[in-house]
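Please open the model in your viewer and keep the sequence beside it, so that each selection can be followed in both. The tour goes from one stop to the next.

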Amino acid sequence: MAGNSIGNEFVVTSFGESHGKCVGVVIDGCPAGLPLSEKDIQAELDRRIPAQPKIVSGRIEKDKVEILSGVFNGFTTGAPIAMMVANKEADSSDYEAIKDLPRPGHADYPARVRYGGFNDYRGGGRFSGRLTVALIMAGAVAKKLLSTLNVDVLAYTTAIGKVKMDNSLSPEEIRERRYKTAVRCPDSTCAEAMEEAIVEARKEGDSLGGIIECIALNVPVGVGEPLFDALDADIAKILLAVPAVKGVEFGLGFAAAELKGSENNDQYQMHHGKVMTLTNNAGGILGGLSSGMPIIVRVAVKPTPSIAKEQRTVNLSRMEDAKITVKGRHDPCVVPKAVPVVEAAVATVLADHMIRAGLIPKVLKEKK
Ligand SMILES: Cc1cc2nc3c(=O)[nH]c(=O)nc-3n(C[C@H](O)[C@H](O)[C@H](O)COP(=O)(O)O)c2cc1C
């Protein structure tokens, strides 16, 4: 099962399974001299689970990070940073009964065929949303690296099911308000309607999806490596590796297809001696390079596949039709939990590309 690493200079390798001993990450290539502690990582992990139990599953693990290597005297050393979180709350009892019944919307069936039945199927194993803990840990380090250049990455919910946020808020408002609501939407009125929609779906034994927007501020011009390592291509790749993400768009995205060039082009102007564009339909990336405008990317998250409603499936040992009711603890909507994951994913790619572009040195100057 290869393909568990991403990045060129800031190389992130994820390991672990949903119901195994732990979920972990190794970061190879993190510059030396970055102040880093378990507290920094823990703060990001704590943001994963919304505090409001109405809209989250029973698997509310207090994930506790352990840094195993690569940090000495409070600073990164330049050696691989290994981090892990133990799986304490895993309850595998519900999975034995459905071992031969692939859950619709999950990777159970293709994974069983691909790995000849040897894969750890408990809780989705390697394909579980739980694995996003590794991404959060990597992202926490990436965000600290980016902060040395004042680059800020902010993700937030803009839609849950059919409830959409159409207010445009300033980055300061988004930064300050997004984690104040259970759904991680910075517009509190809209957030209430989103919460109600989730509660309603849960009552029906069903689930909802949504949209997460992520903005990256202060990214210098020219970050990216055309052609196949284009900045947008690499961001899209990591985001599509987040479970349940089914679509990615930058700037106007699919809506640009309906416009004329004169409407879509971002025209230039001088602003306090700086080159800016009048609009940002491109979402801050042109030709695979950052344009200096905020990077704006959105992901579409599908409704949680595990639902309480009875569904059709097949029994793979008997090769006959069957029915399945997925038990266990599942979120009726994974969008709120995915918000810090999207932020971590975008930060991870930006850190990698900024090291590649020579903007982040291999040894950081120690702040006195
Ligand atoms: C943070 C996070 C948590 C998730 N939790 C669950 C869950 O509790 N139940 C579930 O059915 N799916 C959950 N998912 C989604 C599934 O893992 C995912 O849909 C499934 O593995 C199939 O992958 P795909 O949707 O990318 O094709 C979660 C996803 C994320 C990002």
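Select Q267 to begin: in this predicted model, Q267 has a relative accessible area of 47% and is therefore partly exposed, since that class lies between 20% and 50%. Its place is in the loop that runs between α8 (261-264) and β12 (268-271). If you leave out residues up to four places away in sequence and show what Q267 touches, you will find S262, M276, T277, L278 and T279. For one of these, T279, you can also check the spacing along the chain and in space: Q267 and T279 are 12 residues apart in sequence, while their C-alpha atoms are 7.0 Å apart.

Next, select T277, which Q267 touches and which belongs to strand β13 (residues 274-277). Is T277 buried or exposed? T277 counts as buried because its relative accessibility is 10%, and the cut-off for buried is under 20%. Display its side chain together with the backbone of T279, and you will see that a polar atom of the T277 side chain lies 2.6 Å from the backbone oxygen of T279. Setting aside neighbours within four places in sequence, T277 is in contact with D266, Q267, Y268 and M293.

Now move to a pair of helices, and select α7 (residues 231-240) along with α9 (residues 335-356), whose axes come within 9 Å of each other and cross at roughly 145°. The crossing in which α7 passes α9 is right-handed. To see where they meet, colour L231, D234, I235, I238 and L239 on α7, and on α9 colour V342, A345, V346, T348, V349, L350, H353 and R356. The residues of this contact comprise nine nonpolar, two polar and two charged ones.

Keep I235 of α7 selected and show its surroundings: not counting residues up to four places away in sequence, I235 touches F250, I285, I295, V297, V346 and V349. Which residues touch the most other members of the largest nonpolar core? In that core of 84 residues, they are F10, I41, M83, V141, I235 and L239. Helix α9 gives the most to this core, contributing 13 residues.

For the last stop, look for another core that lies apart from the largest one; this core has six residues, and among them are Y95, I98, L101 and V326, which you can select together to find the place.

Definitions and conventions: Residues are numbered from 1 along each chain as its sequence is written. This is a predicted model: local features need pLDDT of at least 70, side-chain atom pairs count only at pLDDT 80 or more; totals for chains, interfaces and linings use all residues. Side-chain values use heavy atoms; hydrogens and water are left out. Axes are lines fitted to C-alpha atoms, for helices over the stretch in contact, and angles run from 0 to 180 degrees between N-to-C directions. Helices (H or I, at least four residues) and strands (E, at least two) are DSSP runs, numbered from the N terminus. A crossing is left-handed if the near helix is turned anticlockwise from the far one by less than a right angle, and right-handed if clockwise. Contact means heavy atoms within 4.5 Å. Ala, Val, Leu, Ile, Met, Phe, Trp, Tyr, Cys and Pro count as nonpolar, Asp, Glu, Lys and Arg as charged, and the others, Gly among them, as polar. A nonpolar core is a set of buried Ala, Val, Leu, Ile, Met, Phe, Trp, Tyr and Cys residues joined through side-chain atoms within 4.5 Å. Buried means under 20% relative accessible area, exposed over 50%, partly exposed in between (1.4 Å probe, protein chains only). A polar contact is a pair of N or O atoms within 3.5 Å; within protein, one must be able to donate a hydrogen and the other to accept it, and residues adjacent in sequence count only if both atoms are side-chain atoms.
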